[in-house]
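Subject: Structure handover

Hello,

Here is the structure I promised to pass on. Please open it next to this email and follow along.

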Amino acid sequence: MTKRRVTERGLEKKANQFQILFERSPDAIILLDKHKDKFIDCNAAALAIFGCKNSSEILEGNFIKKFSPPLQPDGRDSMKLAQDNIAKAFKDGSNRFEWTHCRADGSVFPAEVSLVSFEQDGRAVVQGTIRDITENKVAEAQMQELAFIDPLTHVFTRRLFGDRLTQLLLKTARSKEYAALFFIDLDKFKRLNDQFGHHVGDLRLIDVAKRLNTSVRSEDTVARIGGDEFVVLINELSPDIHTAKSQIINIAEKIVKQLAINDFLKNLIQKPCRLDGSAQYDGSASVGVVLFSGKQRSAEQLLEQADAAMYQAKQAGGNRYQFYESDAFG
């Protein structure tokens, strides 16, 4: 057998292996001929992922235009961006990126696309491997939600509260308006947990979160930052400090009233409940309030000051609010 025939057989074997891998791959694969500037082949997985019955639906016409929305999520033109990605694959040998595709029925899905360029029968070809990553995106969204949303009360977490407070400091520095931070700690919460169990305490926290949300506007921020500690950010107050303080007094009084729910346990189990046989649980909250505008104080300082004001309210018996006044705290 001549060396030439051995080489030909070797190439034929490799071609057969490539074809088997191409056809049996669980990932969608499409081949692009650089010279003809058109897609020339696709496997069965490609038909499945795009919801097509035969290869002609994919290969005839402009594939990118047919199976991509006009714009990608970042606002860039799909046609131009696809051409750039393909050119990069031919230049560098490979390219990998995320892409939003359309199916034949018009539905969209996120995909990871891997492009690899090589020569096939003397022609430059790009193999595009397309993998549906919808499940990955759902998992990412769930992880993101866990980071920013408290799983018990469904209000924001300390992490997102910190971001919102930092943004609000920058916003008030530009607008010259006042904003306010409320630090809220539930009175006698440990006593409730000890006497009735943590499941009742959890119900109290859920109820508090709902009451706080109804006490403020949708554009304000309610967050749980600790066991029974909540914070509220109120924005877009008056640029006049006296007017702003008057606005906040109304909100503070509303919050204190909303959280002083003497009938909490009664509503929970449909009969009066007493902690020690003689004293009914009188749930309430202590609230510390800080007015601010601009970046004269950091986010950490504002939180410390609101916490100090809350502690003073608690020391005075609870079920009340207290403004942080620099003169009073030294």
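One definition before the findings: a residue is called buried under 20% relative accessible area and exposed over 50%, with partly exposed in between. You will need it for helix H8, where Lys 190 and Asp 194 are exposed on the face turned away from the buried side. Please also keep in mind that this is a predicted model.

**Helix H8**

The helix covers residues 189-196, and its buried residues are Phe 189, Leu 192 and Asn 193. Seen down the axis of H8, these fall within an arc of 95°, so they line one face of the helix. Lys 190 and Asp 194 sit on the face turned away from them. Just after H8 comes Gly 197, with a positive phi of about 100°.

**The protein as a whole**

The protein has 330 residues, and 42% of them count as buried. It contains 13 helices and 10 strands. Take the contacts between residues at least 6 apart in sequence: 57% of these join residues at least 24 apart. The exposed surface is about 18800 Å², and carbon and sulfur atoms supply 50% of it.

**Cysteines**

How many disulfides does a search of the whole structure find? The count is 0. Cys 42 is in none, and the nearest cysteine sulfur, that of Cys 52, is 7.9 Å away. A disulfide needs the two sulfur atoms within 2.5 Å. At 7.9 Å, the sulfurs of Cys 52 and Cys 42 are therefore too far apart for a bond. Cys 42 is buried, with a relative accessible area of 9%. Cys 52 is buried too, at 10%.

**Helices H9 and H10**

H9 has 18 residues. From first C-alpha to last it reaches 25 Å, close to the 26 Å expected at 1.5 Å a residue. Its buried residues include Val 200, Arg 204, Leu 205, Val 208 and Leu 212. Gly 201, Ala 209 and Ser 215 are buried in H9 as well.

H10 runs over residues 241-259. Its 19 residues should span 27 Å at 1.5 Å a residue, and the end C-alpha atoms are 26 Å apart, which agrees. Which residues of H10 are buried? They are Ala 244, Ile 248, Ile 251, Ala 252, Ile 255, Val 256 and Leu 259. These cover an arc of only 135° around the axis, so they lie on the same side of H10. His 242, Asn 250 and Lys 257 are exposed on the other side. The buried residues of H10 pack against two kinds of element:

- helix H9 (198-215)
- strands S6 (179-187), S8 (229-234), S9 (284-292) and S10 (320-323)

**Strands S3, S4 and S5**

S3 (residues 94-102) and S4 (residues 108-120) run antiparallel and are joined by 9 bridges. Glu 98 stands opposite Glu 112 in S4. The hairpin of S3 and S4 has 5 residues between the strands, and Gly 106 there takes a positive phi near 95°.

Gln 127 is in strand S5 (residues 123-132). Is Gln 127 buried or exposed? Its relative accessibility is 18%, so Gln 127 counts as buried. Its C-alpha atom is 6.4 Å from that of Leu 32, although the two are 95 residues apart along the chain.

**Loops**

Two residues to look at lie in the loop between H6 and H7: Thr 157 and His 154. Thr 157 is buried, with a relative accessible area of 12%. Leaving aside neighbours within four places in sequence, its contacts include Leu 146, Phe 148, Asp 150, Ala 223 and Arg 224. His 154 is exposed, at 57%.

Now the backbone angles. Most residues other than glycine have a negative phi. His 154 has a positive value, near 65°. Asn 319 also has a positive phi, of about 55°, although it is not a glycine. Asn 319 lies in the loop between helix H12 (299-315) and S10. Its relative accessible area is 37%, so Asn 319 is partly exposed.

Best wishes

Terms used
Residues are numbered from 1 along each chain as its sequence is written. This is a predicted model: local features need pLDDT of at least 70, side-chain atom pairs count only at pLDDT 80 or more; totals for chains, interfaces and linings use all residues. Side-chain values use heavy atoms; hydrogens and water are left out. Helices (H or I, at least four residues) and strands (E, at least two) are DSSP runs, numbered from the N terminus. Buried means under 20% relative accessible area, exposed over 50%, partly exposed in between (1.4 Å probe, protein chains only). Contact means heavy atoms within 4.5 Å. Accessible areas come from the Shrake-Rupley method with a 1.4 Å probe; for residues, only the protein chains shown count as cover. The arc is that of the directions from the helix axis to the C-beta atoms. The expected span of a helix is 1.5 Å times one less than its number of residues. Two strands pair if DSSP finds at least two bridges between them.
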